[in-house]
Amino acid sequence: MPSSFFGLTVAYSGLNASQASINTTANNISNVQTKGYSKQVVNLTASSALRCYQRYGSTGTGVTQLRDEYYDEKYWNNQATLGLYEKKLYYMEQIQNYYTDGTFSTTTSSGFSTIYAKMFNALDAVKTNAGSSASRNEFLSTAGELCTYFNSTAQQLQSLQTSINDEIKTTVDNVNSIAKKISMLNKQINIIEMEGGHANELRDQRATLVDELSKIVP
């Protein structure tokens with residue numbers, strides 16, 4: 001014979017399920033602008049059959065994230081490639097500006113092509129009018145300008161190399177910092193979920209950190 005509290009137990013179970021759904025919906029709405037937040041859904045499942053003089057089944061109140069490990073893995077792998085080529089593109093553009101003429105770059109200074117052409121035009125003038133001191137002086141001036149350009153470019157490249165070395169050190173420190181944060185989150189997630197809880201928000205924080213880390217290292 002069913003317990004006299006059978007109907008109350010069913011009602012209580014239904015209220016719990018509805019309350020979990022309302023709370024989860026409110027949580028999703030309140031975090032719609034939160035970076036890295038994953039939408040959560042309530043797992044509603046049928047409870048175990050109730051029998052007399054037995055412990056009644058409880059309502060399924062589990063809340064899970066709508067994340068897919070397969071697509072997370074794909075995203076992280078592609079982020080690593082994207083980060084690599086974005087960084088290469090950034091520094092190649094820096095180097096390109098050292099060699100490109102001002103009409104094609106963000107600077108207004110003359111580039112290699114212009115300075116080189118000026119020197120050989122002056123050299124042609126010397127060949128056709130070798131006795132002119134003005135032509136010889138013009139050639140010497142343009143040759144000096146080309147040497148100055150080479151020295152300036154060498155200094156800029158050395159400065160860029162120093163900047164890259166500094167960035168590497170900073171990036172290594174950043175990687176170590178992110179790794180420590182992920183390690184701390186792993187411990188917190190384990191503690192909560194071993195007790196039967198759901199660490200969805202902590203998992204979101206960890207996924208956001210892995211997103212950031214995946215753009216630096218594979």
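Read along the sequence, the order of elements in this predicted model is α-β-β-α-α-α-α. That adds up to five helices and two strands in the chain.

As for how the chain packs, 24% of its 218 residues count as buried. The surface it exposes comes to about 15,500 Å², and carbon and sulfur atoms supply 57% of that area. Turning to contacts, those with a separation of 6 or more were looked at by sequence distance: residues 24 or more positions apart account for 58% of them.

Two serines give a feel for the local picture. Ser18 sits in helix α1, which covers residues 6-30. Its relative accessible area is 39%, so Ser18 is classed as partly exposed, a label for values between the 20% limit for buried and the 50% limit for exposed. Ser18 can also be placed relative to Val42: the two are 24 residues apart in sequence, and their C-alpha atoms are 9.6 Å apart in space.

Ser135 belongs to helix α4, made up of residues 133-194. Here the relative accessibility is 15%, and Ser135 therefore counts as buried, since the cut-off for that label is under 20%. What does Ser135 touch, once residues up to four places away in sequence are not counted? The partners are Ala125, Val126 and Asn129.

Put side by side, then, the serine in helix α1 is partly exposed at 39%, whereas the serine in helix α4 is buried at 15%.

Conventions:
Residues are numbered from 1 along each chain as its sequence is written. This is a predicted model: local features need pLDDT of at least 70, side-chain atom pairs count only at pLDDT 80 or more; totals for chains, interfaces and linings use all residues. Side-chain values use heavy atoms; hydrogens and water are left out. Helices (H or I, at least four residues) and strands (E, at least two) are DSSP runs, numbered from the N terminus. Buried means under 20% relative accessible area, exposed over 50%, partly exposed in between (1.4 Å probe, protein chains only). Contact means heavy atoms within 4.5 Å. Accessible areas come from the Shrake-Rupley method with a 1.4 Å probe; for residues, only the protein chains shown count as cover.
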